[in-house]
Amino acid sequence: MTKWVYRFGGGKADGSADMRRLLGGKGANLAEMSSLGLPVPPGFTITTAVCTAYYANAKQYPDELAAQVDEAVAAIEAEVGNTFGDADNPLLVSVRSGAPVSMPGMMDTVLNLGLNDITVEGLAARSNDPRFAWDSYRRFIQMYGDVVLGVDHYLFEDQLEDVKQSKGFIQDTDLTADDLKQLVAGYKAVVEKELGTPFPQDVREQLWGAIGAVFGSWMTERAVTYRRLHDIDARMGTAVTVQAMVFGNMGTDCATGVAFTRNPSTGEHAYYGEYLINAQGEDVVAGIRTPQPLTVHMANGDPSGERAMELVMPKAFAELSAVFDKLELHYRDMQDIEFTVQQDKLYILQTRNGKRTARAALKVAVDMVEEGLLSPEEAVLRVDPISLDQLLHPSLDPDAERKVIAKGLPASPGAVSGAVVFSADDAQKRAQAGEAVILVRTETSPEDIHGMHAALGILTARGGMTSHAAVVARGMGKACVAGAGDVSVDEARKRFTVAGVTVKEGDIVTLDGGTGTVMEGRVPTVEPELSGEFGTLMAWADKVRRLKVRTNAETPEDARTAVRFGAEGIGLCRTEHMFFDEDRIVAMREMILAADAEGRKAALARILEHQRGDFVELFEIMAGLPVTIRLLDPPLHEFLPHTTKELEAVAAASGLSAKALKRRAMELHEVNPMLGMRGCRLGVVFPEVYDMQVRAIFEAASEVFARSGATVTPEIMVPLVGFARELEMIKARIDAIHSEVAKETGRELPYLVGTMIELPRAALRAAEIAEHAAFFSFGTNDLTQMALGLSRDDSGKFMDLYQRANIFERDPFASLDIEGVGELMSIAAERGRATRGDIKLGVCGEHGGDPRSIHFCETVGLEYVSCSPYRVPIARLAAAQAALSTDSSEPTRAAAE
Ligand code: PEP
Ligand code: MG
């Protein structure tokens, strides 16, 4: 016979904490606490297997269930000495849902089940408190009517208001037993009117009604949506826990409360929570009465400290703190506990690992190592890497009011407020005058770089997680909300409209790049605090991780930030970003638009100076750490002049006519630039461009050596290679230029030549490409774009729908498509290693900063991941978790419930 029902109570239990899959989180923890000898009212849990069987069998319960429930009810009766439905001494129970992972959106709780017109009298006589009995009954009808029978709760509230008004009462507590009796009659009439049948008086019918409601709530739209959004398997099912009631509302020696064993917002090792005297659970949540603090310490000098539980109910509080300590020691994690005090006796109704802020998670983890509860490795697994973001950027003050006007993609974290501007020039002008500005564009282009630099935050109406705005903003550590599709930007009239709101130049808005929200006006923020615990935990993480963490950086500022955050080198220096400065772009345009190689060389000679200077600075900042420099990659059109003014500037510098330049620009125009003259194709077609860059790299390395004696080993990286021959040709020129510079400087300089793997063909032909490459760096932005045939700039338009339709589990540009793109990476790694056993492998697409993708990189055995500076600490922690995790397919779920 299958066991469908698991009992607990009286210091023993059929189940245990490790049975949450079968008993749900609540049921498993109640069983565990009962076995630990904690004061848990007796009860039983109907397993999640019943839920699964119920749905598999056209909503029929398994045959043996009814008998097992009857036996379990009898066991509760024996334990507490009451009888279910008994006129004199009735047993009352609570019925609660409990899935293996906590899931809001489902039926939560029905209290006081077992009351009817007869048992209410018994309860009144037994408790010697008719008011309490009738109050319990009316609460039960309201809760049961609402969550089980589906009667709108407003109808009950109207009744309550009517009675209070007719009596001139303000508070519920003013109602007398007779008032409540009248209210019960009113509530029952509401039910009968709404449903056409009377409120159920048979207590067993009540019980099965509540059990059915819990199982029914598993499939409500809200629950289904929640599961989809949180990756929860629908086959898991929910359990139902039925438990003897204890009462926090039987007098002033009774109370109910919610408590954390530590402070969930700061992590401070001090009890934290609230309680209410003479109240039932829902009163704390409903906010009808103001709960009081648990401890004097918590009140922090506030007069409410005088009403703290530790002073008012010292005996129950002493019991409670003993339970706190026992539970923490047992679960080795901060607990979130629900309790009730009935006539000065403490009962524990629930415990679970408490949710906490990133700051608290760090502090609790580090403290628990110091207290000997956890090992450093366990502490490393307790903190969600992504949550570190909260600590690295200013964040919105959680208590501040806000009016959200738009939503887009959370492209780059940080919370900032500033005056709205609509052009890069305006951004620069206002910023130079000391104003905080937010740059708003339909989408950004390389032309906007100076404005993005000047702005505190960037908002775009178009573009995805790897759009220009997103990538550049992350690199700069600026807040960015990208692809806010409802925002309509009128750049000419300097305004944007969204949801009926018009925001004009100079108006203040707030962006939260961590959540992708745009708010009207200024919302206060709080500064990041890299406390001691942060450093401690990161040091533990560094000790256990195998993957190295580099950064994607091209500006000195980014490189410095990344080093401060612990980067171990540069994995990607996108040299094209070094040309966007105003004084350089003209020379760059001159080079591109030159009529012939001679013209190109003249312009390149001017750029060479700048490039060399850039590299010298980067090499010095990175002080001997590896630096991977990628040769020019972007489609040429990104550099082309757009306006007549820009065209004239190039004409003036080059001596060519504006007309000729315009013609040349037209020639270079591409229908599909992402698949056109970009990457190494540029280097093949215009070799002098790469020659110049390579010379700048070697000359810079040589200059750094001359200045400081430091040896730099540049890693020269060729982008978008698809054919071994491309790399072979380019490498031959790199080697030749190296020889030239070595001759000129009289010094051999160490260097590596490698390639990015960004094309599916490159991944498949990795064996022959590896003959010319000392390293591969997976450019997973392009590899995703090319493998999925999905534009990284345009996919935002249907990304949401594709995720909702379960086609994409997540945005493949943010989190690696492990089955598809991941397989290409595995193939490339294997074939590359077959040719060259010691080939260095890394990743430098956006995925290098995503914990789930990092976990995959660990399984492929890459040497390093490279990510934007602000992601470096996240990657360090994620790499450590990946190294510690034994399961190869799933990242560690930090702070699992
Ligand atoms: C990539 O394609 O993953 C990459 C890092 O290069 P970029 O984003 O500059 O195209
Ligand atoms: Mg690329």
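Are Glu-758 and Asp-782 buried or exposed? Both of these residues are buried. Let's take a walk through the structure and see what surrounds them.

## The overall picture

First, a word on what you are looking at: this is a predicted model. The protein has 897 residues, and buried ones make up 55% of them. Its C-alpha trace spans about 105 × 60 × 55 Å along the principal axes. If you follow the chain from start to end, you will pass through 35 helices and 34 strands.

The protein is divided into four pieces: domain 1 covers 69-244, domain 2 covers 255-353, domain 3 covers 393-526 and domain 4 covers 545-884. To get a feel for the layout, try finding domain 2 and domain 4, whose centres, taken over C-alpha atoms, are 56 Å apart.

## The magnesium ion

Now back to the two residues from the opening. Glu-758 and Asp-782 coordinate the magnesium ion, which is ligand 2, through OE and OD atoms respectively, at 2.0 Å. These two residues bring together distant parts of the chain, as they are 24 residues apart. Glu-758 belongs to the loop between strand S31 (752-757) and helix H29 (760-764), while Asp-782 is part of helix H31. As noted at the start, both of them count as buried, with under 20% relative accessible area.

## The surroundings of ligand 1

Next, turn to ligand 1. There are 14 residues around ligand 1, and those that come nearest are Arg-574, Arg-630, Gly-779, Asn-781 and Arg-792. Sorted by class, the shell holds 7 charged, 4 polar and 3 nonpolar residues.

Three contacts are worth a look on your screen. Arg-574 places a polar side-chain atom 2.7 Å from an oxygen atom of ligand 1. For Arg-630, a polar side-chain atom is found 2.9 Å from an oxygen atom of the ligand. Gly-779 takes part through its backbone instead, with an N or O atom 3.3 Å from a ligand 1 oxygen. On its own, ligand 1 has 280 Å² of accessible area, and the protein covers 95% of that.

## Which elements build the shell

Which elements give two or more residues to the shell around ligand 1? They are strand S28 (570-574) and helix H31 (780-788). Helix H31 gives the most, with 3 residues. You have met this helix already: H31 also holds Asp-782, one of the residues that coordinate the magnesium ion.

Technical notes. Residues are numbered from 1 along each chain as its sequence is written. Chains are lettered from A and ligands numbered from 1 in the order in which they are written. This is a predicted model: local features need pLDDT of at least 70, side-chain atom pairs count only at pLDDT 80 or more; totals for chains, interfaces and linings use all residues. Side-chain values use heavy atoms; hydrogens and water are left out. A residue is near a molecule or strand if one of its heavy atoms lies within 4 Å of it. A polar contact is a pair of N or O atoms within 3.5 Å; within protein, one must be able to donate a hydrogen and the other to accept it, and residues adjacent in sequence count only if both atoms are side-chain atoms. Accessible areas come from the Shrake-Rupley method with a 1.4 Å probe; for residues, only the protein chains shown count as cover. Helices (H or I, at least four residues) and strands (E, at least two) are DSSP runs, numbered from the N terminus. Ala, Val, Leu, Ile, Met, Phe, Trp, Tyr, Cys and Pro count as nonpolar, Asp, Glu, Lys and Arg as charged, and the others, Gly among them, as polar. Domain bounds come from an automatic or database domain assignment. Donors are N, O and S atoms within 2.8 Å of the metal (3.2 Å for Na, K and Ca); water is not among the atoms, so sites may look incomplete. Buried means under 20% relative accessible area, exposed over 50%, partly exposed in between (1.4 Å probe, protein chains only).
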